[in-house]
Amino acid sequence: MTALEILPGQLRWAPERDMNEPGERGEIFLNIADHEDEDMRQGKYSVPHYGPEALGDATGPLALDQTVRFCQLLESRLALKEDHQLLTIVTYAGDPAARANAAVLLGAFLMLCRDWSLQSIVIALRREAETSFPCSWSGKAHTGPPKPDVLRVRDCWAGLHIARECSFLDIEWFKDSVKAEMQCGAYRRTARAYDASWLVPGRILVTADPVTVLQDPNPETCSELLPTAEKLPGANKVPFTGETQGRGMSTDTLPPVFLPPEALQSIMGIKSLPGSNDSEETETVYPCLQMERRPSGWSGSTCPNEFVPGDDSKPQGMKQSDPREGKEDSISTASDHTVDKTYGYFQEALQRPSACLAEEVADWVSWCKDEGIKKVVRANLSWEKGIEEHGGSYDPEDLKRFGLDVLEVPIIDRNGGIPDARTILTVMEFCGALAAVQGLNLNDRAKDAVLIHCKGGFGRSVFLACCLMIAEYDVSGRALLGWVRIARPGAIVTPQQELLLCRFGGREDMKEYLEKNVKMMCTCSVQ
């Protein structure tokens with residue numbers, strides 16, 4: 001392949017180059033695979049708490065700290081080279097994954113360090129722009145024909161663009177090496193100790209269920225749920241005895257958390273329901289959270305043919321299923337098999353200079369308080385594989401005693417793990433984001449930091465977080481897909497989540513989706 005000149009007289013791009021061929025006079029090379037430091041990690045894709053075999057066919061994009069480190073590395077190499085030298089970014093031949101990851105990093109450098117526009121990067125690297133990445137965890141256990149890849153290199157660049165414009169990403173990280181080192185260190189410690197990542201710093205944090213973290217024998221991870229003086233039996237890392245410890249949601253009864261159809265109708269300003277004799281107009285209001293017990297047997301999707309932007313599907317009636325039915329069902333309908341932690345995969349971590357001692361890691365609740373978290377959304381159930389073995393999830397009342405408001409929206413992790421419109425609206429109201437959907441400004445209280453988690457903190461939780469981000473920042477779902485895959489490697493775990501997220505061009509598409517599906521749900525409720 002002919003090298004592509006990016007910065008005249010300074011920088012070239014020559015991926016998959018045969019390194020046995022002699023370079024031009026004065027040519028020097030930069031290959032991220034040659035950098036074994038903790039930041040670059042040889043340019044390898046990885047997910048904290050999971051071994052390489054758990055990742056399936058997923059190959060990228062690389063994490064946020066690797067992105068920041070590459071930009072600084074490239075900047076320093078350009079500054080140190082002599083005037084007659086030409087720096088060439090290369091990857092090893094026969095490694096298309098490394099090429100795609102390096103392309104994302106190069107685009108990040110041009111955007112964040114050289115102020116190139118997204119369009120200019122796409123034009124300059126047009127061949128790389130359309131290269132795609134497999135879905136997180138893809139190919140690990142799915143049956144049937146392979147699913148088409150959705151995320152492209154250009155989507156990752158678009159994600160970094162919105163992260164800069166919306167201040168998800170502090171541009172000073174790329175200008176100040178001291179600040180970059182501190183922030184990247186904090187980013188890694190948060191992922192290692194709590195299996196958590198900020199998607200919007202100070203506003204939206206996604207994590208795994210803390211019980212999966214507490215049970216990890218890795219000394220770098222959090223060991224306690226509650227402050228020591230308040231800890232309860234079973235909150236520590238203890239061997240599982242096979243007996244349920246009574247934490248979290250019952251497998252028989254789901255908690256009273258979802259907004260009823262009448263509240264949904266009012267929120268979205270639906271004046272009348274098809275099939276209803278009530279002709280009076282319903283005033284659009286901003287109601288307080290109204291709770292009711294979720295109907296027995298409610299499935300993850302209220303109507304089997306939920307409306308998506310550009311889709312004219314009609315409701316076919318309420319889908320009913322026992323959430324416990326098929327618990328050992330085929331993996332073709334299950335999603336939660338993708339994020340079972342690889343306990344014990346941490347020996348290499350103990351050799352790192354930055355490895356934390358167990359006593360240095362605060363308990364989970366204290367950490368939440370230190371991070372400014374005021375609200376917690378739990379999107380998983382207690383009996384899911386990977387949690388049930390450890391006695392179930394935590395008791396929300398333990399968190400409430402420390403001032404954390406908890407919302408439970410159990411989403412059955414099957415058939416793609418897509419939350420229905422009712423769940424999305426309930427979470428939006430709890431998090432104070434409904435005003436944004438209605439075109440109003442958020443007040444200060446509505447901007448409280450919220451922690452959203454499912455079992456692994458990659459699928460249902462990240463999808464809900466993206467819905468909040470689309471509502472509040474009016475950004476496209478496709479660009480968000482790129483951002484969350486960088487900010488939290490492993491995020492968005494099914495093709496269904498990818499495809500639906502990419503259908504949202506912004507806030508109006510999200511609003512249309514919710515309005516259409518609320519009408520469907522309310523129609524089902526009156527039939």
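**Reading salt bridges, strands and helices**

Author: In this predicted model, the side chains of E38 and R188 come together in a salt bridge, with 3.7 Å from N to O. E38 sits in the loop between β3 (27-30) and α1 (64-80), while R188 belongs to helix α6 (residues 177-194), so the pair ties together parts that are 150 residues apart in sequence.

Reader: How should I understand such a pair in general, and how many salt bridges does the count come to here?

Author: The general idea is that side chains of opposite charge can pair when their charged atoms come close. By the rule used for this model, the count comes to 24 salt bridges.

Reader: Are E38 and R188 buried, partly exposed or exposed?

Author: A residue counts as buried when its relative accessible area is under 20%, and as partly exposed from there up to 50%. E38 has 23% relative accessibility and therefore counts as partly exposed, whereas R188, with a relative accessible area of 11%, is buried.

Reader: Which residue forms a salt bridge with D398, and what relative accessibility does each partner have?

Author: D398 pairs with R401, and the closest N and O atoms of the two are 3.6 Å apart. D398 counts as buried because its relative accessibility is 8%, while R401 is partly exposed at 46%.

Reader: Where in the chain are E498 and R485, whose side chains meet in a salt bridge?

Author: The side chains of E498 and R485 meet with an N to O separation of 3.4 Å. This pair links distant parts of the chain, since E498 lies in helix α15 (residues 495-502) and R485 in helix α14 (residues 477-487), 13 residues apart. E498 counts as buried at 0% relative accessibility, and R485 is also buried, at 1%. Elsewhere, salt bridges with shared partners join E38, D39, R41, D65, R188 and R192 into one network.

Reader: Turning to the strands, what is the order of the open sheet of five strands?

Author: One reads a sheet by asking which strand pairs with which. Here the order is β7-β8-β11-β9-β10, and the pairing is mixed. The edge strands, each pairing on one side only, are β7 (196-200) and β10. Neighbouring strands of this sheet are turned against each other by 25° on average, with direction ignored. Helix α11 (residues 421-431) packs on the sheet, where it touches β9, β10 and β11, and its direction makes about 170° with that of β9.

Reader: How many bridges does β9 form with β11 and with β10?

Author: Strand β9 (residues 373-378) pairs in the parallel sense with β11 (residues 449-454) over five bridges, and four bridges join β9 to β10 (residues 405-408), again in parallel. V376 makes a useful residue to follow, for V376 stands opposite L451 in β11 and has V406 as its bridge partner in β10. Strand β9 is mostly covered, with five of its six residues buried.

Reader: How should I check the span of a helix, and how far apart are the end C-alpha atoms of α13?

Author: One compares the span expected at 1.5 Å a residue with the distance between the end C-alpha atoms. For the 14 residues of helix α13 (residues 460-473) the expected span is 20 Å, and the ends are 20 Å apart, which agrees. Helix α2 (residues 96-112) can be treated likewise: its 17 residues should span 24 Å, in agreement with the 24 Å between its end C-alpha atoms. Both are mostly covered, 13 of the 14 residues of α13 being buried, as are 15 of the 17 residues of α2. Just after α13, D474 takes a positive phi of about 55°.

Reader: At what angle do α13 and α15 pack, and which residues make the contact?

Author: Helices α13 and α15 pack at about 5°, and their axes are 11 Å apart. Angles under 35 degrees count as roughly parallel, and α13 and α15 are therefore roughly parallel to each other. The contact is made by R460, F463, C466 and I470 of α13, together with Q497, L500 and L501 of α15.

Notes: Residues are numbered from 1 along each chain as its sequence is written. This is a predicted model: local features need pLDDT of at least 70, side-chain atom pairs count only at pLDDT 80 or more; totals for chains, interfaces and linings use all residues. Side-chain values use heavy atoms; hydrogens and water are left out. Buried means under 20% relative accessible area, exposed over 50%, partly exposed in between (1.4 Å probe, protein chains only). Helices (H or I, at least four residues) and strands (E, at least two) are DSSP runs, numbered from the N terminus. Two strands pair if DSSP finds at least two bridges between them. A salt bridge is a side-chain nitrogen of Lys or Arg within 4 Å of a carboxyl oxygen of Asp or Glu. The expected span of a helix is 1.5 Å times one less than its number of residues. Axes are lines fitted to C-alpha atoms, for helices over the stretch in contact, and angles run from 0 to 180 degrees between N-to-C directions. Angles under 35 degrees count as roughly parallel, over 145 as roughly antiparallel, 65 to 115 as roughly perpendicular and the rest as oblique. Contact means heavy atoms within 4.5 Å.
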